[in-house]
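Morning, everyone. Let me put a structure up and walk you through one corner of it, then step back to the whole chain.

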Amino acid sequence: MTEHEEHKVEKEEQDESLMDKISEKLHFSNHSSSPAPASSSSDSDDEKKKPTSPAPETSSFGTKVRRLFGRERPVHKVFGGGKPADVFLWRNKKISAGFLGGATAIWVLFEVVEYHLLTLLCHGLMIALAGLFLWSNASTFIHKSAPHIPEVHIPEKPVLAFASALRNEINRALAVLREIASGRDLKTFLLVIGGLWLASILGGCCDFLTLFYIIVVVLHTVPVLYEKYEDQVDAFAEKALHELKKQYAVFDAKVLSKIPRGPLKDKKKD
């Protein structure tokens, strides 16, 4: 083989190796770039399939709102979501106004006019019985039909259901009081004592009917106002609760931690 032929063979081998390298690079680039659209499309499909979680509730100022007492449901659901909630939140203004007006009339009748309950019942029954008696006897003279007086019976099942529910609530309250009196939870004990002390102060300032009327007025005004201005109220309440927790931590460290506790409910076995 001549020198010219050897040079020609070497040049062909170099060309073949160069072509192989170029083809490998092209194959690698195609292989690496081809799955990208599929992955992006699969990612978009996965994002579409994923259920969208509800966005956190924000106030009108664009900041995340932490509801009072950790509330996550609307105010209407907190009150049960039924007819009582509709009455307290003035969903039906006629019923709400009628209930509040009736409570106001009863309070004025007994507290302002100083009418007594027994006197009211007796006078009401006297007027009803006299009217029905006269109508029944005068129907033959005025040529009108006698009044239809329905027979009223108290059903047994609703009374038993109410008595059973009342018994369960009383037993639950007694169990809670026993748990508080056992001395295991000092924080709950102080809260209950504070609530009873506040109730005793209110009871000394007004009688039961006035207190009941105040509760009715509060239930018909505070929830609807809170629902209207809940963002502002929750922001203020969060700051107040944070300050109360700081003060309670200081009080716990200085006073409550030094008070001897009662026996533990469950003792760990060695």
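Start at Ser96. Set aside its neighbours within four places in sequence, and Ser96 is in contact with Asp86, Val87, Trp90 and His220. One thing to keep in mind: this is a predicted model. Where does Ser96 sit? Its place is in helix H5. Buried or exposed? Buried, because its relative accessibility is 0%, and the cut-off for buried is under 20%.

Now take one of those partners, Trp90. Trp90 lies in the loop between helix H4, residues 83–88, and H5. Its relative accessible area is 27%, so Trp90 counts as partly exposed. What does Trp90 touch, again leaving aside neighbours within four places in sequence? Ser96, Ala97, Leu100, His220 and Val224. So His220 turns up on both lists: it is in contact with Ser96 and with Trp90. Look at Thr221 too. Trp90 and Thr221 are 131 residues apart along the chain. Their C-alpha atoms are separated by 9.1 Å.

On to the helices. H5 covers residues 93–112, and H9 covers residues 208–228. At what angle do H5 and H9 pack? About 160°, with their axes 10 Å apart. Angles over 145 degrees count as roughly antiparallel, and therefore H5 and H9 are roughly antiparallel to each other. Their crossing is left-handed.

Who makes the contact? On H5, we have Ser96, Phe99, Leu100, Ala103, Thr104, Ile106, Trp107, Phe110 and Glu111. On H9, we have Leu209, Thr210, Tyr213, Val216, Val217 and His220. Sort the residues of this contact by type, and you get ten nonpolar, four polar and one charged. Ser96, our starting point, is on the H5 list, and His220 is on the H9 list.

Now step back to the whole protein. How many helices and strands does it have? Ten helices and zero strands. From the N terminus on, the elements run α-α-α-α-α-α-α-α-α-α. The protein has 270 residues, and 11% of them count as buried. Ser96 is a buried residue.

Next, the surface. The accessible surface comes to about 23200 Å². Carbon and sulfur atoms account for 66% of that.

Last, contacts along the chain. Take those between residues at least 6 apart in sequence. Of these, 57% join residues at least 24 apart. The contact between Ser96 and His220 is one to look at on the screen. That's it from me.

Terms used
Residues are numbered from 1 along each chain as its sequence is written. This is a predicted model: local features need pLDDT of at least 70, side-chain atom pairs count only at pLDDT 80 or more; totals for chains, interfaces and linings use all residues. Side-chain values use heavy atoms; hydrogens and water are left out. Axes are lines fitted to C-alpha atoms, for helices over the stretch in contact, and angles run from 0 to 180 degrees between N-to-C directions. Helices (H or I, at least four residues) and strands (E, at least two) are DSSP runs, numbered from the N terminus. Angles under 35 degrees count as roughly parallel, over 145 as roughly antiparallel, 65 to 115 as roughly perpendicular and the rest as oblique. A crossing is left-handed if the near helix is turned anticlockwise from the far one by less than a right angle, and right-handed if clockwise. Contact means heavy atoms within 4.5 Å. Ala, Val, Leu, Ile, Met, Phe, Trp, Tyr, Cys and Pro count as nonpolar, Asp, Glu, Lys and Arg as charged, and the others, Gly among them, as polar. Buried means under 20% relative accessible area, exposed over 50%, partly exposed in between (1.4 Å probe, protein chains only). Accessible areas come from the Shrake-Rupley method with a 1.4 Å probe; for residues, only the protein chains shown count as cover.
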